[in-house]
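Please open the model in a viewer and keep the selection panel at hand. The tour below proceeds by selections, each followed by what is found there.

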Amino acid sequence: MTEQEPGRRLILMRHAKSAWDDPALSDHARPLNSRGQRSAEALGQWLVERGHLPDQALVSDAKRTQETFAGLHLDIAPDLDAKLYLAEPPRLLSALRAARGHCVLLIAHNPGIAALAEALLADPVPHPRFTDYPTGATLVADFPIDSWRDLEPHTGRAADFITPRELTD
């Protein structure tokens, strides 16, 4: 999908693998581990190679989602949103309906991100990891709408789906 084409494109990404080795850290403050850092960079390269370039990024304000976004090395600034931290699908959908970009990247957390991915598509993705949406899982979906305000469940068409292990292992 290009700027000239009608519709909107969504890149729905779960944060990359986070570290659990410091029990003193709150869940919100957990950073990426080294595998997560490699995964974020691989996902960024994949996005560029596939031409999936967002013009807006909605990112949970948790440390691991911010670090995932930073690892993508995209040439846009993120819109950090505390309401996206551990958000359920209705809140994620609300954030998307307020988006202004043509191609929007949303980085958030499970279980909300997996449930939203499933709810937005007209047909499920034929990938063995789609339903559990592991860390770093990324869906690219197209919607036949001119404004994000018109985003409705079961209207998206999957254009791409990848997990980091497919890129790094």
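Select R14, H15, K17, S18, W20, D27, R30, R64, L86, H109, N110 and T135: in this predicted model, these residues line the largest pocket. The space in that pocket amounts to about 160 Å³. Colour the lining by residue class, and two nonpolar, five polar and five charged residues appear.

R64, part of that lining, leads to the next stop, helix α2, which spans residues 63-72. Within α2, display R64, T65, T68, F69, G71 and L72, which are buried. Looking down the axis of α2, one finds its buried residues within an arc of 160°, so they line one face of the helix. Now show the elements that cover these buried residues, among them β1, α1 (34-50), β2 (56-60), β3 (78-81) and β4. After α2 comes H73, with a positive phi near 55°.

Turn next to the largest nonpolar core, which has 30 residues. Select L12, L96, L106, Y133 and L139, the residues with the most contacts inside this core. Two or more core residues come from each of β1 (8-14), α3 (89-97), β4 (103-108), α4 (112-120) and β5 (138-143). The greatest contribution, five residues, is that of α4.

Which residues does L139 touch, sequence neighbours up to four places away aside? Display L10, I11, L12, A117, L121, V125, F130, Y133, A158, D160 and F161 around L139 to see these contacts.

Finally, select L43, L72, C103 and V140, which are included in a second, separate core of 15 residues. L72 was met earlier as one of the buried residues of α2.

Key: Residues numbered from 1 in each chain as written. Predicted model: local features only at pLDDT ≥ 70, side-chain atom pairs only at ≥ 80, totals over all residues. Heavy atoms only, no water. Core = buried A, V, L, I, M, F, W, Y, C linked by side-chain atoms within 4.5 Å. Buried < 20%, exposed > 50% of the residue type's maximum accessible area, 1.4 Å probe, protein only. Helix = DSSP H or I, 4+ residues; strand = E, 2+ residues; numbered from the N terminus. Contact = heavy atoms within 4.5 Å. 1 Å grid on protein atoms, 1.4 Å probe; cavity = no way out; pocket = protein on both sides within 12 Å on 5 of 7 lines; lining within 4 Å. Points joined across faces, edges and corners; volume = space filled by probe spheres on them. Nonpolar A, V, L, I, M, F, W, Y, C, P; charged D, E, K, R; others polar. Arc of directions from axis to C-beta.
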